[in-house]
Amino acid sequence: MARTKTVQSPHTIWRRYETEFSMAHIIKGHPRCGRVHGHNYRLLVSVKGDSNRFVDFYTVKEAIEKVISRDYDHRFVGHKTCEELAQEFHEKLTATFKAEVGIDLWETSKFSVRYPA
Ligand SMILES: [Zn+2]
(Lines give C-alpha, C1' and ligand atoms only; values in the text may rest on other atoms or scores of the structure.)
Protein backbone atom coordinates (compact mmCIF):
# COMPACT_ATOMS: atom_id res chain seq x y z
CA MET A 1 0.00 0.00 0.00
CA ALA A 2 1.35 3.38 -1.00
CA ARG A 3 1.94 5.87 1.73
CA THR A 4 0.34 9.20 1.24
CA LYS A 5 1.35 12.28 3.14
CA THR A 6 -1.64 13.85 4.74
CA VAL A 7 -1.76 17.44 5.86
CA GLN A 8 -1.79 17.36 9.62
CA SER A 9 -3.92 19.72 11.61
CA PRO A 10 -1.75 21.82 13.92
CA HIS A 11 -0.95 20.37 17.30
CA THR A 12 0.69 21.82 20.31
CA ILE A 13 4.21 20.52 20.82
CA TRP A 14 7.15 21.25 23.08
CA ARG A 15 10.48 22.05 21.44
CA ARG A 16 13.23 21.24 23.89
CA TYR A 17 16.87 22.10 24.35
CA GLU A 18 19.25 20.84 27.00
CA THR A 19 22.50 22.38 28.14
CA GLU A 20 25.02 22.24 30.99
CA PHE A 21 26.91 24.98 32.77
CA SER A 22 28.52 25.81 36.11
CA MET A 23 27.55 28.29 38.81
CA ALA A 24 28.58 29.03 42.37
CA HIS A 25 26.26 30.05 45.19
CA ILE A 26 25.91 30.06 48.95
CA ILE A 27 22.84 29.13 51.00
CA LYS A 28 23.07 31.18 54.18
CA GLY A 29 22.57 29.24 57.40
CA HIS A 30 22.68 25.82 55.76
CA PRO A 31 25.16 23.51 57.53
CA ARG A 32 26.82 22.29 54.32
CA CYS A 33 25.70 24.75 51.65
CA GLY A 34 26.52 27.76 53.85
CA ARG A 35 29.98 27.80 52.29
CA VAL A 36 30.56 29.14 48.80
CA HIS A 37 30.39 26.14 46.50
CA GLY A 38 29.52 25.28 42.93
CA HIS A 39 27.44 22.87 40.91
CA ASN A 40 27.42 21.61 37.37
CA TYR A 41 23.83 22.37 36.46
CA ARG A 42 21.82 20.71 33.74
CA LEU A 43 19.03 22.76 32.23
CA LEU A 44 16.23 21.48 30.03
CA VAL A 45 14.12 24.21 28.45
CA SER A 46 10.79 23.31 26.84
CA VAL A 47 9.13 25.86 24.57
CA LYS A 48 5.47 25.35 23.68
CA GLY A 49 4.62 25.81 20.04
CA ASP A 50 2.64 24.82 17.00
CA SER A 51 3.64 21.63 15.18
CA ASN A 52 2.90 23.16 11.76
CA ARG A 53 5.16 26.15 12.26
CA PHE A 54 8.79 25.67 11.32
CA VAL A 55 11.18 26.76 14.05
CA ASP A 56 14.89 26.32 13.48
CA PHE A 57 16.32 24.41 16.46
CA TYR A 58 19.49 26.43 16.08
CA THR A 59 17.65 29.67 16.90
CA VAL A 60 16.20 28.02 20.04
CA LYS A 61 19.67 26.92 21.10
CA GLU A 62 21.23 30.31 20.42
CA ALA A 63 18.59 32.20 22.41
CA ILE A 64 19.05 29.95 25.45
CA GLU A 65 22.84 29.86 25.30
CA LYS A 66 22.94 33.65 25.05
CA VAL A 67 21.08 34.06 28.35
CA ILE A 68 23.13 31.35 30.09
CA SER A 69 26.53 32.57 28.94
CA ARG A 70 25.71 36.23 29.57
CA ASP A 71 24.19 35.90 33.05
CA TYR A 72 25.00 32.51 34.60
CA ASP A 73 27.79 30.28 33.34
CA HIS A 74 30.88 30.36 35.58
CA ARG A 75 29.31 33.05 37.75
CA PHE A 76 28.59 33.48 41.42
CA VAL A 77 24.82 33.91 41.77
CA GLY A 78 24.77 34.82 45.47
CA HIS A 79 22.11 33.28 47.69
CA LYS A 80 19.85 31.99 44.91
CA THR A 81 18.51 28.47 45.38
CA CYS A 82 17.82 26.02 42.58
CA GLU A 83 14.11 26.82 42.95
CA GLU A 84 14.72 30.57 42.60
CA LEU A 85 17.03 30.05 39.63
CA ALA A 86 14.43 27.92 37.84
CA GLN A 87 11.86 30.70 38.28
CA GLU A 88 14.36 33.28 37.05
CA PHE A 89 15.14 31.19 33.94
CA HIS A 90 11.42 30.82 33.36
CA GLU A 91 10.86 34.56 33.53
CA LYS A 92 13.76 35.42 31.21
CA LEU A 93 13.09 32.69 28.63
CA THR A 94 9.34 33.34 28.56
CA ALA A 95 10.21 36.93 27.61
CA THR A 96 12.75 35.68 25.04
CA PHE A 97 10.42 33.24 23.28
CA LYS A 98 7.11 35.02 23.92
CA ALA A 99 5.68 31.56 24.46
CA GLU A 100 4.90 29.17 27.29
CA VAL A 101 8.17 27.85 28.69
CA GLY A 102 8.93 24.96 31.05
CA ILE A 103 12.13 24.70 33.05
CA ASP A 104 13.79 21.57 34.42
CA LEU A 105 16.94 22.39 36.35
CA TRP A 106 19.21 19.74 37.85
CA GLU A 107 21.53 20.91 40.60
CA THR A 108 23.05 17.45 40.88
CA SER A 109 22.51 14.29 38.85
CA LYS A 110 19.87 13.24 41.38
CA PHE A 111 18.09 16.46 42.42
CA SER A 112 16.16 18.78 40.15
CA VAL A 113 13.27 21.19 40.14
CA ARG A 114 10.57 21.70 37.54
CA TYR A 115 8.94 25.08 37.08
CA PRO A 116 6.12 25.66 36.63
CA ALA A 117 4.79 22.53 38.33
ZN1 LIG B 1 24.45 24.38 46.24
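Q: What radius of gyration does the protein have, and what would a compact globule of 117 residues have?
A: The protein, a predicted model, has a radius of gyration of 18 Å, whereas a compact globule of 117 residues would have one near 13 Å. The radius is taken over C-alpha atoms, and the globule rule is 2.2 Å times the number of residues to the power 0.38. The C-alpha atoms fill a box of roughly 65 × 25 × 20 Å along the principal axes. Local features need pLDDT of at least 70, side-chain atom pairs count only at pLDDT 80 or more, and totals for chains, interfaces and linings use all residues. Residues are numbered from 1 along each chain as its sequence is written.

Q: Which elements make up the secondary structure of the protein, and in what order do they run?
A: There are two helices and five strands, running β-β-α-β-α-β-β from the N terminus. Helices (H or I, at least four residues) and strands (E, at least two) are DSSP runs, numbered from the N terminus.

Q: What makes a residue of the largest nonpolar core a member of it?
A: A nonpolar core is a set of buried Ala, Val, Leu, Ile, Met, Phe, Trp, Tyr and Cys residues joined through C-beta atoms within 7 Å, where buried means that 20 or more other C-beta atoms, placed from the backbone, lie within 10 Å of the residue's own. The largest such core has 15 residues, and V45, A86, F89, I103 and L105 have the most contacts inside it. Of the elements that give two or more residues to this core, namely β2 (37-50), α1 (57-71), α2 (82-97) and β4 (101-106), α2 gives the most, with five.

Definitions and conventions:
A residue is buried if 20 or more other C-beta atoms lie within 10 Å of its own, exposed if 12 or fewer, and partly exposed in between; C-beta atoms are placed from the backbone.
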